[in-house]
Amino acid sequence: MAILLRNDNGFPKMKRRYRHRIADIDSLRPTLRIDPSRRISFRFGMRSVKGFHGDSVATALYGHGVRIFSRSIKFRRPRGLYSLNGESANCLMEIDGRPNEMAETLLLEKGMRVRPQNVRFSLKRDPSGFMDRMDWALPAGFYLSRFHKPSSLRPFFLKRIRRAAGIGRIDPDYRSEAVFDRQYIQTDVCVIGGGPAGMAAAMAAAESGVRVVLLESRPWLGGNFDHRTGEFETGVNLHHRSRSLADQVDTASIRRFHQTVAIDLSEGAAVAFRMGGGENLFDRRLLDIRYRSVVVATGCTERALLFEHNDRPGVMQVDCAYRLARSYGIFPGTAAVFSVGHDEGLEAAAGLHDLGMAVRAVADCRAEPGDSKLVEALSERKIPYLSRWHASEAKGKKRVEGVVLRDEKEGRQAFGCDLLVASAGLSPVIGPLSVTGAEPAYDPETGFYLPRSLPPGVHMAGRITGLTHAGAVEASGRSAGLRAAGDCGASVEAALQESEAVLQTLPGPAGGKTIFLNIDKGKKTFVCFDMDVTVKHLRQSVDRGFDTPEPAKRFTGAGTGPGQGGIPGPNLPWLLARLREASPEGTRPTTARPPLVPAPLAVYGAGRIQLNRFSPVHSLLKEAGAAWDDSAGWRQAAYFDFDPAARKEIEAVRGRIGIMDAAAQGKFRVFGPDAVQVLERIFIGKSADLTPGRAKHSFICNEYGGVLYEAVTACRGPEDYLVFTAPGMGKAVYRWMIDHSENKDWDYRVADLTESLGAVRMAGPLARELLQGLTESNVSNPAFPLMGFRRLRLMKEALTVQALRTGAVGEVTYDLYMPASLMAAAWKALTTAGEAFGMHPYGLKADTLLRLEKGRLHIHRESENRVTLLDLGLERHWRRNRSGAGKVGDAALRHTAGQTGRMKRVGFRMESAADRDRPLQDGAIVVDDTIRGHVCLTRYSDTLGEQIGTALVAEHLAEPGTRLNLFEHDMEPHQRRHALVVPLPFYDPDHIRMKG
Amino acid sequence: MLFKRDRRFWKRAPLQSEYDAIIIGGGVHGLSAAFFLARNHGMKNVAVLEKRYIGYGGSGRNTAIVRANQRAPETIPLYAEGLKLWPRLISELNVNLLFFNCGVLTLAHSEADLAELRLAAASGKFLGIESRILDSRSCRELAPALDISDRPRHPIVGGMFHPPGGTLRHDAVVWGLAKGASRRGVHIHQNTEVTGIDVQGGTVKSVETSRGPIRTPRVLVAAGAWSAEIAEMAGVALPVRMMTAPALVTQPLKPFLNHVVSAGAYPCYTNQTLKGEVVACGPMVFRPRASTQTDAEPLQRLSWALTELLPCLTGVKMMRAWAGPVDLTPDMAPVIDGHDSIQGFFLDCGWGDFGFKSGPVVGKYMAQFMAEGKKPKNLIPFSLNRFQEYRLLGEASTPHGYSPAE
C-alpha cells in the first residue's frame, strides 16, 4: 500500500498540485536548494504550472506530477526523468522557442514556455507508440538493408525517413534576442568541478599564492556532498561539510564560476560556457581560459543498470532520486525498490526511507557492500537487503508498476513499486581528461576507465580516481591542487608531503570491483536511450562484424544522441567485449570529443565577429554618396551616385581628374643592409637597381610561377624602401615577406605602415596641373616622371606628402601618402582645389574598368594555377636572376618559358555590336568541341564604345584575330556568342597619356 | 546453429603471403578499387590493408556531400559520372547508401564569386550537368532559413543551385563497398599497418606489414591523408600539405534545411542529415602530420559562420565536433598515377576534401588501370609529374599560396 502524501503544511497555500513535494520541508532545510516561499509560474504546453525558485525545469515539472517527459526517437517509448546531469535526451524540451533544451539542468525562470517535442497528440497518449512493438522490423543498421528496393520508391522512402527524423522543431525565421558574450580569463590553476575535491584543490592552490579559477556546472558548490547525509566525521554530515567548504572558498582568493561547464580543454587552454540571465547582462557567455595547470575533479556519474525496460518512466538513478528529495523537496515516488551497485545507493535507500518513502527492497548486485554499516542501517529500518540480486525486468506499460528481481542461484522475486532506483555503480567523468590527450584504459583495481598517464600540467582528484571515502576525496583534491600550484612555480613541497601523508592513512579506491552486466534477453534492455539501442542491437552489431566500440557506435548509433554517450558510457565497450567473449581489460571507450557538454552555436562562436576596417575618409565618401564593397576586410567605395556602371567617375578620370581613396593599400617600410635581398627574393622583377626617388611596379609569384600579389616598391634612400601593395593585400604580402626570409640571416626590418599612412590617388589628364597649383616644387614631366617618388610640400607647406607617380589607370596618376590622421584634411583640401578642374571621386567599379581598358592584370580574377607570369603576358616584369636561385618562382618561369600548350591571357572584343543589349558576363566559357578557357573579366567600355574583356584560353586560340566561341550558363546548348582576340591594352596602346 | 547465415558485412580472411594486388587504405577509394578489380576485371586475389578499422580516416569523417559542380573541365565529367554511379551501386551492393538527392546551393558573396559560379554553371551545362544561377531571393526560396539581408558579415548576393548533388551515409558507403568486395573474394584486413614497401629494380616486390611481409606485384596507395607517409616508403614524395577540416554536428532537428548550402567566403558548408542533425564543415588548418585532432579556434569560427548564415541556429546546440584529415595538393586536384617511376606502384591520393564524392568512380577507373596496366584517358590529367612540369590544374580559382585566413 502506497503511502499517501497529502500535505497540509510546509508549502504555501498547499493545493493538490504540490502533493509531490515533501510535507515536512523544514527537515530538509540544510540541503534544500529551492526556496518554498518564492513561487515561479511558467507554461507547460497549454497549462500554467508553478515551480519554485531554484528548481530546474525538469524538477518543477516532476514536482507538478509530470512523469513522461518525451517519446524516444525510434520506438516512441515514453521516457521520464532518469538523471539530473543531462546524460540523455529524455528531458529535451522546447523552451521559449529554442529546441532541444536540457530541462534537467536548465534553471527555471518566470514565464518560460515549455513544450514537449516530437510528440503526436500528447506525451501520455502518442499513437505512434505502436512502434514499440515493431522492434523485430528495426534491427541494428536496419536502414542499410531496407528502403532501397524497388529503386523507384527510394524518393518516397527518403521522404518518410526525413519526416520521422529529428527531435526539436525550429522556425527558419526564429531570431534569438539573447546576448552572447565572450570573456578571456588568465589564471595559473584552473579547477574543473566544484565538489569536495575541486574545492579542496582550489583552496590548496590559492593558499600557496597562485591565481585560481574554479568552474562548477551547478548553481552551487558542493558536488555529491551537497545532498548526502552520510557522516563526514563525528557529528558532521557530508552536506554540512560541503557548506563549510563552500564558505571557505567564498572567502579565499578564488574566482568562482557557477553554472559553468567546460566544453573543451587543450594544452594550457580551456573553453567553458556560463549560463547568465537574471542579474547578468548576458544570457550565455563563452569563457576562454588560459591556464598553466588544470585539476580535473569532475567526479562520477552512474553507470546505467541493464535490465528489460530499464528506460521506463519511474526508473531513475540513485543520485537523481536522492537529489529530487533532498535538494528539491520532491518525493521521487511513493514506494521504491532499489537495485544498485554502490554504497551511495544503500545510503540513499535509508535516507529516502527516513523522509517517509516506502522502500520495499534493496538489491545489491555486489557480493559484499563496501561499508557494512550501511547494510546495518537498512536492517534497522527493516528494509530487506538482497545481496547479489539485481533487477531483471521493470513491469508496467507507461510507468513502473513493479519490478522482478533476480539472483543467478535463488531465482526471482517480484515487487510492486512506482519507483525503481537503478544503478550499476559509479563511472568517472573523464571527458575533460580525454580531450587533453590522456588515453583512458581499463583499470582493473577501480573498474574504471582511467588515463594511464596524464599530460604535464594536468591533474585529477576526487571520486574520479576511484576514491569513495569522503576524507580521502578531499585529501586527494588538496594534493592535486598543491601539485597544480607547484606547476606554476609555487613552493609546495612541505604542504604536499603533509597532504600525501594524510591521504596515505585514508582508505584508497574501493578495490575488488567486478563489472556487473546483465545481458540475458536484451530485446528491450536499452544500452543507449537517445538512439534506442538495445542489447539485442549490439548482439546484431557483433554478428555483422562491428564488434569494437567505434565501428559499433557508427553501426548502431549508440552514444551519438544528444546525451553524447552519457547513458551507454562504459557499458558499450564492456558489452561488446562480453558479446565477443573477451574480458573488459584491454578495451577502450569511444573517443571523447569536444564539446564535452552540448553548447549553443552562438555561444561557441561568440565574440568571433570580424570587423571591417575603415578608411580615414570613410565618412567623407559616405557624404559623397558612396556604395560599399568589402575588399579583404576593408570597407571600400564601390561606386558613387547610385550608378554601378560608374559612368561619371570614368568620364572624370579619362577627361579631367578623378580622386580615389587608396588607404586600403598595404604599406610597408623595408629597410636595413639586407632589405634589398628580401625584395629580390619575393619580387619577380629586379629591385637592386632602384635608386632613391625611383619606384618600380612588380609582382610576387609563388613557386609555381603563378602571380599572387602586385606591389610598387619605391626607394627612399640607401637601404630604405617603401612597398605599396594592391588594396587589401597588405596582410598577405607581409606574411609572404616574413615567410620567405624566416630562415635567412638577413639584417633588415619591416615596419607595417598600412594603418598609419593614409593614401589618396589622383588620376587624370589634369592631375599634374592640379598638383602643380598646390606645390612650389616642380612636378613637370621631366622633373617628376613616371615611376618617380618625391617628397612634396603642398598648400603653402601646410601638408607634406610622399608622392608616387604611377600609371595604374593609364592616365597621369599620383598616389599621395600622408599620416592617416591628416588624410581627411588632405582629401578635403584636394577636393576643394579640384572643384575648378571638374574632379570627381571614383570607386572600385570604375577602377576595375579603367584598369581593364589599360589591360592591367586583375590578380583576383585572372591569376590562377594554370597560368604563370609568362602566360599572363607579363614577361617584361621578369628579370631572370643571374644565379637563378633565391627568387621565388624563378625556377618555374625558366622551366615553363619554352613550354607549349599552356593557357594564355588574351584581350578580346565582342564581334557584333548587337550584343550590347545583352552584355556578356564574367565567367562565360570559351569552347570549341570542348572547354578551352573562360572569360575572366568583361565590361562595356564607354570610352572605347564597345564590349571588351580578358580571357584565359588555350594557346592555339591566343593569336590576335582568333575568333572565340563563347558559351554562357543561361544559353541554349547549341548557342554561341563570338569574340575576337585583340592585342592588349585596349586603351592608349603606346602609353602616351600616362607617360606624358 | 549449423545453418546460421554468415551475416558479417565482410568475411574474416587469413592473411596470405602473396596477393595479386595490395590496396593500402580501407576507405572509399581503396575499397572501391578492390571492389571493381574483383567485379570488372576478375582479379579476386586482392587484399585491402587498413591500419585501424575500415572507414576510420577521411571516409568516416567527411560531410558525405556529393556533387559535380567543379571548376576544372578535367574533373567535371569524372564527378558527373560518379553522381550517376550511386543509384546503381545501391542496387548492385544491395545496401541502402541513403543517397539523398537534395541538390547543392552554393552562395556568392561578391561579384567575383558570382563570376566563378557562372563559370562553373556554364562548364557544367556544356558538359551536360545541370547547375543554375540564382539571385539572393531565389536562394532564400530554396533555403528559407538563409539570412539574405545586409546583416551578416558576408551578405549573400546570389548563388548557384546544382540539383544533381546530394548527400549519402558515409559509413554505409564504406561498409557496402567492403561487403561487395568481400563477396567477390577480396580480403579485408583491419588492424594491419603497412610499415614498408619493398621496391627492387624499379618494381614493387612486397609490402611489409605489422603482421609480416606480403609479396605482390601491384600496390595501390589510397590511404587518404596518410598517403604521403606511405608513398615515402617507396621513395615517392607527394606534393601535399596536411590539413584538418573542422566539422560539427548539432542536435537533431525536424527538417528545415532541404539542400546542401555552401558559403565560400566564411568558409562554411552545411546540410541537414536524414537524422535531422545539421552537419557543417569549415575553415581548414595546417597540421604537420595527418591528424584527427580538433582545434578550438577553427571550430569557433565555424560556429560563428553557421549562425551568420542561418541565424535561426543561434540557440541550437553543437553535439559533437571532429576534424577530417585532409591532404591538399597545390592545385587542389588529386594525384592519380601508376607505373610511373616504379613498376606496379599506383597512387590515388591528394584528394583534399573532394575524396568522398570521387571514391567509387575513381575506384572503377583505378581498377581498370591496375588490371590492364594502361592508364585510362580520363585519369591522364592527374599524373604526379604535372607538378614537376608546372602544369597545374584549374580546380581552384586562385593560385596556390598561403595567405593568412581573413
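So, how many residue pairs are in polar contact across the interface of chain A and chain B? The rule finds 47 of them. Keep in mind as we go that this is a predicted model.

Let me stay with that interface for a minute. On one side, 112 residues of chain A are in contact, and they meet 103 residues of chain B. Put the two chains together and about 9,700 Å² gets buried, with carbon and sulfur atoms giving 55% of it. If you look at chain A's share, A:Arg162, A:Arg554 and A:Leu601 supply 10% of the area buried against chain B, more than any other three residues.

There are charges here too: eight salt bridges turn up between chain A and chain B. One I'd point you to pairs A:Arg861 with B:Glu111, where the closest N and O atoms sit 3.9 Å apart. And by element, helix α2 of chain A, residues 154-164, gives the most to the side that touches chain B, with six residues.

Okay, now inside chain A. The domain assignment cuts this chain into pieces, among them domain 1 at 31-138 and domain 2 at 180-301 + 427-505. Between those two, the contact takes eight residues from domain 1 and 12 residues from domain 2. Their centres, over C-alpha atoms, are 31 Å apart.

What does that contact bury? About 820 Å², and carbon and sulfur atoms give 50% of that. On the domain 1 side, A:Thr31, A:Arg33 and A:Leu107 lose the most area, together 62% of what that side buries. A:Arg33 comes back in another role: its side chain meets that of A:Asp226 in a salt bridge, at 2.6 Å, N to O. Across this domain interface we get two salt bridges, plus three residue pairs in polar contact.

Last stop, chain B, and a sheet I'd like you to find on screen. This one is open, with six strands in the order β8-β2-β1-β12-β20-β19 and mixed pairing. At the edges you have β8, 187-189, and β19, 335-338, each pairing on one side only. From one strand to the next, the twist averages 15 degrees.

Zoom in on β1, residues 21-24, and β2, residues 46-49: they pair in the parallel sense over four bridges. Within that pairing, B:Ile22 has B:Ala47 as its bridge partner in β2.

Then the helices. Helix α1 of chain B, residues 28-41, lies across β1, β2, β8, β12 and β20, running at about 160 degrees to β1. Helix α8, residues 355-372, packs on the sheet as well, touching β1, β12, β19 and β20, and its direction makes about 170 degrees with that of β20.

Methods: Residues are numbered from 1 along each chain as its sequence is written. Chains are lettered from A and ligands numbered from 1 in the order in which they are written. This is a predicted model: local features need pLDDT of at least 70, side-chain atom pairs count only at pLDDT 80 or more; totals for chains, interfaces and linings use all residues. Side-chain values use heavy atoms; hydrogens and water are left out. Two strands pair if DSSP finds at least two bridges between them. Helices (H or I, at least four residues) and strands (E, at least two) are DSSP runs, numbered from the N terminus. Axes are lines fitted to C-alpha atoms, for helices over the stretch in contact, and angles run from 0 to 180 degrees between N-to-C directions. Contact means heavy atoms within 4.5 Å. Domain bounds come from an automatic or database domain assignment. Buried area is the accessible area (1.4 Å probe) that two parts lose on being put together, summed over both. A salt bridge is a side-chain nitrogen of Lys or Arg within 4 Å of a carboxyl oxygen of Asp or Glu. A polar contact is a pair of N or O atoms within 3.5 Å; within protein, one must be able to donate a hydrogen and the other to accept it, and residues adjacent in sequence count only if both atoms are side-chain atoms.
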